[in-house]
Amino acid sequence: MLSQLIYRSHALTDLSDVELEKIVSTSQLNNKSLNITGILLYADKYFMQVLEGPTREVERLFARIQSDDRHTEVVLVSVHPIHLRRFDQWSMQWVPASKYSGNGLPVKAVPSDLIAAYLNFDDRTSRILDAFIQGRWRSTPTHTPPPWRTHDFSPPITQSQSTTSTTPIPISFAFQPIVETSSGEVVAFEALIRGPTGELAMDFLNGVSTADVHRFDLESKADAIQRAAQLGIRCRLAVNLLPKSLTNAPEAVSFLIKQIRTCGIKPEQLIVELTEEEAIANPLLFQNMVRQLRASGIQIAIDDFGAGYAGLSLLAEFQPDILKIDKKIIQGVAANGPRQAIVRAIVEFCICLGIRVIAEGIENQEDWQWLESAGVHWFQGNLYAEPGLNQIPTINWPLPHKEFSTPR
Ligand SMILES: Cc1cc2nc3c(=O)[nH]c(=O)nc-3n(C[C@H](O)[C@H](O)[C@H](O)COP(=O)(O)O)c2cc1C
């Protein structure tokens, strides 16, 4: 099978024509024997390369190129099977980006009509190359984090403190911070429901009958709020709620409000997280619930954005206070072109609509740095802290820690 792979990378130093020609002549020699064809663009210290050929050969060559120390920040932009080669006559052709943009610089050894034939072609490949020429794919995170430090919070809730559960089966909560790394603030904690000894929800919720699931869901939020208060959480608290848990019970919003007041928490401090799929599956219930929550001052977040199937049409109808980008989009973003393009678009429309963005599932420093440079400010993930069962976990801080902030 034939595949086409496109990546972009950043040269470590500005390469001279001689150095570029050296890369190209080695490439041409090797690629001929590997049955690989393609094109290499170079502009402002950035490369974009298209590799085409037998899938395994393309993968192997890409792995070799990735470890070449003449460049760094290799981002995979596109890879897919093809039935025809786009650059079938070029084992590897270097095209200075200035030529491609049409400003008249000569292209060595390539007749201009051939370039036109190859490049002025309206397909996805040329549109990606155009985007590169126009300056997209040519930016680098500028954010350099200061050294990490850690900070311990209040002690865990003991067994005797947590005996006031309102739910029929015993539960615990694991608290994971949502952090604003640029300021060193914990902006929220998400309360994740767990079994008594930390079991994941799906492993112990079998004990709740279908008829009781929404009542259980709502009542468990009262527990989450109470435990957050016991732990001294004074910033925002995020809880997950099934839309039906509210709409099934007319008194549900007042139940939540009463609980947060009793615990000394303001409505604006509570964030109710809803998954987009639930929202789309029950649009009327969803809107009804949102109206009630908004009227009470509670914040709404769309959870797992991008994991479902119609996030954008949901956003066209309803704009939440907060949007949490799903970890499937976030993880690996630092080296993945499609994910980068999607995140940039999400950040852009959220800025326009005044929606806060949270990137969840952050597990490595590269992804975090890339996201921060792309305009994301709030983060959640094991890079900062794993969820702490009945306690606030130790947090790894890239900046000096500040005390809990009040919601802004
Ligand atoms: C931006 C860039 C693109 C490259 N493209 C190719 C290529 O298409 N084919 C290739 O064999 N080597 C390419 N290389 C060089 C490889 O990383 C590696 O140095 C080379 O394949 C080693 O070949 P050799 O074992 O024959 O010396 C490229 C290097 C850079 C920095």
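Leaving aside its neighbours within four places in sequence, with which residues is Ser 245 in contact? The tour returns to this after an overview.

**Before selecting anything**

This is a predicted model, in which local features need pLDDT of at least 70 and side-chain atom pairs count only at pLDDT 80 or more, while totals for chains, interfaces and linings use all residues. Residues are numbered from 1 along each chain as its sequence is written, and side-chain values use heavy atoms, with hydrogens and water left out.

**The whole protein**

Display the cartoon: the protein has 15 helices and 16 strands. These are DSSP runs numbered from the N terminus, helices being H or I of at least four residues and strands E of at least two. Of the 408 residues, 50% are buried; buried means under 20% relative accessible area, exposed over 50%, and partly exposed in between, with a 1.4 Å probe and protein chains only. Turning on the surface shows an accessible area of about 18,900 Å², 54% of it belonging to carbon and sulfur atoms. Such areas come from the Shrake-Rupley method with a 1.4 Å probe, and for residues only the protein chains shown count as cover. Among contacts (heavy atoms within 4.5 Å) between residues at least 6 apart in sequence, 75% join residues at least 24 apart.

**Ser 245**

Select helix α8, residues 243–247, where Ser 245 is placed. At 2% relative accessibility, Ser 245 counts as buried. Beyond the excluded sequence neighbours, Ser 245 is in contact with His 214, Asp 217, Leu 218 and Ala 252. Add the side chain of Asp 217, which makes a polar contact of 2.5 Å with that of Ser 245. A polar contact is a pair of N or O atoms within 3.5 Å; within protein, one must be able to donate a hydrogen and the other to accept it, and residues adjacent in sequence count only if both atoms are side-chain atoms. A C-alpha to C-alpha distance of 8.1 Å separates Ser 245 from Val 213, 32 residues away in sequence.

**The nonpolar cores**

Next, select Phe 175, Leu 246, Val 343, Ile 362, Leu 371 and Phe 379, the residues with the most contacts inside the largest nonpolar core, which has 68 residues. Helix α7 (residues 213–230) gives the most to this core, with six residues. A nonpolar core is a set of buried Ala, Val, Leu, Ile, Met, Phe, Trp, Tyr and Cys residues joined through side-chain atoms within 4.5 Å. Apart from the largest core lies another, of 19 residues, including Leu 15, Phe 47, Leu 61 and Phe 62.

**Helix α5**

Select residues 124–133: seven of the ten residues of α5 are buried, so this helix is largely enclosed by the rest of the structure. Among the buried residues are Ile 128, Leu 129 and Phe 132. Gly 135, which follows α5, has a positive phi near 110 degrees.

**The ligand**

Finally, centre on the ligand, surrounded by 16 residues, of which the closest are Ser 27, Asn 30, Asn 31, Gln 49 and Asp 68; a residue belongs here if one of its heavy atoms lies within 4 Å. A polar side-chain atom of Asn 30 is 2.9 Å from an oxygen atom of the ligand. For Asn 31, an N or O atom of the side chain lies 2.8 Å from a ligand nitrogen atom. The largest share of the shell, five residues, comes from α1.
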